[in-house]
Amino acid sequence: MTRLLHASRVTGWLIDALAFAGIVSWMRLRAWSAGDMVWSLWISSLSVGAVCFVAAFLGLLVRCLVGDNLSAALRHAVVGAAVGLVTLLFLLRSGEALILSAVIIAAGLALLALEVQATREAWLRVAVALVGGLFFLAFFSVHFGGFHAIHALFLNSFFPLVPEADRDPFAAFPVLIAAAGSQYLVMVVVALIVQWDDFSRPLNPAQGMFTPYVTVVKLHLTILAIGFLEAGGMAHWVNYLVLAVYFIPLGDLWHGLRPARDKATVSPP
């Protein structure tokens, strides 16, 4: 088991390294400025957070039907469905997108219920979870989205992306999403690939709702660092170091090195 966990961790590091190399190469090819990097990180944070919220919501409903022990394939399917629904919502940005998303979720739950032969009690749990899940999904979506809308106001003043966003950032929020999503889609895809393993872990819904905020802290510290480096005229080379800090799995490195350190410091009895 330890060997399998070690192999999985090494695979994750390899994916992060390839993602970082690909992003740096793409940045050099497209001659990205500090503004491009800032907006690409902003739309990535918003997209990853939305996927995490929707995946937590879908995971809650699926657990009501099949129980807490979800298979790896089913967890990946939940994350894939969340990515598809968020993409649909970001592309259409209308009430029709919400209705279509509700139909897709209902159809998916119905097919899963037929597969596992869900009982009446399971459907009752789904109904209760649906009410509570929709409340928390709406709350965190407004809070998380509002946070990014306010942040976009400051970003747009330093690195203009949509001129009309300065007058009313909340009204221009869908326009900012469309503009950043179309220009920096590569960064969004890379961010989803890098964090896919985190999405598909068997976390409970409460953890899933709060996980995006952990990523946001690192993301916005990175954006601030890029802004200061740009103001100091050092962004050309040092920004790559900042992006490396964003991609390097510092937590995994710390947990991987700590046991060896502890073992080396313990004296024999």
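Reader: Where is A152 placed, and why does A152 count as buried?

Author: A152 lies in helix α5, where helices (H or I, at least four residues) and strands (E, at least two) are DSSP runs numbered from the N terminus. Buried means under 20% relative accessible area, exposed over 50%, and partly exposed in between (1.4 Å probe, protein chains only). A152 has 0% relative accessibility, so A152 counts as buried. The model is predicted, with local features needing pLDDT of at least 70 and side-chain atom pairs pLDDT 80 or more, while totals for chains, interfaces and linings use all residues. Residues are numbered from 1 along each chain as its sequence is written, and side-chain values use heavy atoms, with hydrogens and water left out.

Reader: How far apart are A152 and L176 in sequence and in space?

Author: A152 and L176 are separated by 24 residues in sequence and by 8.1 Å from C-alpha to C-alpha.

Reader: Why is V190 called buried?

Author: V190 has a relative accessible area of 14%, so V190 is buried. V190 sits in helix α7 (residues 185–199), and its C-alpha atom is 8.7 Å from that of S44, 146 residues away along the chain. Of the 269 residues of the chain, 39% count as buried. The chain has 10 helices and zero strands.

Reader: What makes L91 exposed, and to which patch does L91 belong?

Author: L91 reaches 61% relative accessibility and therefore counts as exposed. L91, which is in helix α3, forms a nonpolar surface patch with L92, I99, L100, V103 and I104, together offering about 570 Å² of accessible area. Patch residues have over 30% relative accessible area and no salt bridge (like charges are joined within 9 Å, nonpolar side chains, Val, Leu, Ile, Met, Phe, Trp and Tyr, within 5 Å). A salt bridge is a side-chain nitrogen of Lys or Arg within 4 Å of a carboxyl oxygen of Asp or Glu. Areas come from the Shrake-Rupley method with a 1.4 Å probe, and for residues only the protein chains shown count as cover. Helices α3 (72–92) and α4 (95–116) each supply at least two residues, and α4 gives the most, with four.

Reader: By class, what makes up the lining of the second largest pocket?

Author: The lining has 24 nonpolar, six polar and one charged residues. Here Ala, Val, Leu, Ile, Met, Phe, Trp, Tyr, Cys and Pro count as nonpolar, Asp, Glu, Lys and Arg as charged, and the others, Gly among them, as polar. A pocket is an open set of points on a 1 Å grid over the protein atoms alone, where a 1.4 Å probe fits, with protein on both sides within 12 Å along at least five of seven lines; lining residues have an atom within 4 Å of a point. Helix α5 gives the most to this lining, with nine residues.
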